[in-house]
Amino acid sequence: MDERIGLRAADGREIAFRRATLTAHLAGLLAQSEISQRYENTTADSLEITYIFALPVDAVLLGFEVEVGERKLRGEVVPRAQAEVRYEAAIDEGNSAFRLMYLRPGLYGASLGNL
């Protein structure tokens with residue numbers, strides 16, 4: 001099996017992986033962890049990417065943050081239709097944007113545009 005992993009643009013181009021860190025805190029039966037992954041767009045193009053990730057089915061996602069250059073983008077929970085309109089409007093205006101979507105139990109997807 002030759003399965004390639006990593007972050008890719010819609011056209012299949014690989015996005016350069018730089019590093020990953022994991023921080024975890026344990027308090028009795030409660031575990032809180034933070035995962036940070038760094039990628040770099042080494043192309044001259046602005047990219048839109050999709051990032052799919054899994055969490056344990058009984059996990060609670062407390063936050064999602066994206067750094068684009070020096071800017072930190074933090075999300076807020078809004079209805080799906082509203083999120084899609086806001087995301088597309090930001091992309092059309094040439095701004096970087098992201099949206100995080102619950103896909104099914106334990107599976108999430110993030111769309112990131114103008115990277």
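1. Salt bridges come first. This predicted model holds 5 salt bridges. Side chains of opposite charge can pair when their charged atoms come close. Three of the pairs are taken up in the points below, and each has something to say about how the fold is put together.

2. Start with the pair between Arg18 and Glu40, whose side chains meet in a salt bridge at 2.8 Å, N to O. Arg18 sits in strand β1 (residues 16-27) and Glu40 in strand β2 (residues 30-40), so this pair ties together parts that are 22 residues apart in sequence. How accessible are the two partners? Arg18 is partly exposed, with a relative accessible area of 46%, and Glu40 is also partly exposed, with 36%.

3. Next, look at Glu65 and Arg74. They form a salt bridge in which the closest N and O atoms are 2.6 Å apart. Glu65 counts as partly exposed at 35% relative accessibility, whereas Arg74 counts as exposed at 61%. Keep Glu65 in mind, please: this residue returns in the point on the largest pocket.

4. The third pair is Arg99 with Glu88, and here the closest N and O atoms are 4.0 Å apart. Arg99 belongs to strand β6 (residues 97-104) and Glu88 to helix α1 (residues 80-92), so the bridge ties together parts that are 11 residues apart in sequence. Is Arg99 buried or exposed? Arg99 is buried, with a relative accessible area of 16%, and the cut-off for that class is under 20%. Glu88, at 36%, counts as partly exposed. If you use a distance criterion of your own, note that a salt bridge is taken here as a nitrogen within 4 Å of a carboxyl oxygen, and that the distance listed for Arg99 and Glu88 is 4.0 Å.

5. Now to the interior. In soluble globular proteins, nonpolar side chains tend to be buried together. Which residues make up the largest nonpolar core here? There are 10 in all: Leu7, Ala9, Ile15, Leu47, Ile49, Val66, Leu73, Phe98, Ala110 and Leu112. Leu112 is a good one to centre your view on. Leaving aside residues up to four places away in sequence, Leu112 touches Leu47, Glu48, Ile49, Tyr51, Val66, Tyr87, Ala97 and Phe98. Among these contacts of Leu112 are Leu47, Ile49, Val66 and Phe98, which are also listed in the core.

6. Ser111 deserves a look as well. This serine is found in strand β7 (residues 107-113) and counts as buried at 6% relative accessibility. With residues up to four places away in sequence not counted, Ser111 touches Ile49, Thr50, Tyr87, Ala97, Phe98, Arg99 and Met101. Arg99 is thus a contact of Ser111 as well as the salt-bridge partner of Glu88.

7. On to the pockets. Rolling a probe the size of a water molecule over the atoms shows where empty space is left. The largest pocket has a volume of about 1,600 Å³ and a lining of 38 residues, with Ile35, Ser36, Gln37, Phe64 and Glu65 nearest its centre. Strands β1, β2, β3 and β4 are the elements that each give two or more residues to this lining. Which element supplies the largest share of the lining? That is β2, with 11 residues. By class, the lining divides into 24 nonpolar, 8 polar and 6 charged residues. Glu65, close to the centre by that listing, is the residue that pairs with Arg74.

8. The second largest pocket has a volume of about 790 Å³. Its lining holds 27 residues, and Gly75, Glu76, Val77, Phe98 and Leu100 lie nearest the centre. β5 (71-74), α1 and β6 each supply at least two residues of that lining. The classes are 16 nonpolar, 3 polar and 8 charged. Phe98 also appears in the largest nonpolar core.

9. Finally, a loop. Both Leu62 and Gly63 lie between β3 and β4. Leu62 counts as exposed at 71% relative accessibility, whereas Gly63 is partly exposed at 48%. What separates these residues from other parts of the chain? The C-alpha atoms of Leu62 and Ala27, 35 residues apart along the chain, are separated by 17 Å. Gly63 and Glu76 are 13 residues apart in sequence and 8.8 Å apart in space, C-alpha to C-alpha. Glu76 is one of the residues nearest the centre of the second largest pocket.

Note on methods. Residues are numbered from 1 along each chain as its sequence is written. This is a predicted model: local features need pLDDT of at least 70, side-chain atom pairs count only at pLDDT 80 or more; totals for chains, interfaces and linings use all residues. Side-chain values use heavy atoms; hydrogens and water are left out. Helices (H or I, at least four residues) and strands (E, at least two) are DSSP runs, numbered from the N terminus. Buried means under 20% relative accessible area, exposed over 50%, partly exposed in between (1.4 Å probe, protein chains only). Contact means heavy atoms within 4.5 Å. A nonpolar core is a set of buried Ala, Val, Leu, Ile, Met, Phe, Trp, Tyr and Cys residues joined through side-chain atoms within 4.5 Å. On a 1 Å grid over the protein atoms alone, a cavity is a set of points where a 1.4 Å probe fits but cannot get out, and a pocket is an open set with protein on both sides within 12 Å along at least five of seven lines; lining residues have an atom within 4 Å of a point. Grid points are joined across faces, edges and corners, and a volume is the space filled by probe spheres set on the points. Ala, Val, Leu, Ile, Met, Phe, Trp, Tyr, Cys and Pro count as nonpolar, Asp, Glu, Lys and Arg as charged, and the others, Gly among them, as polar.
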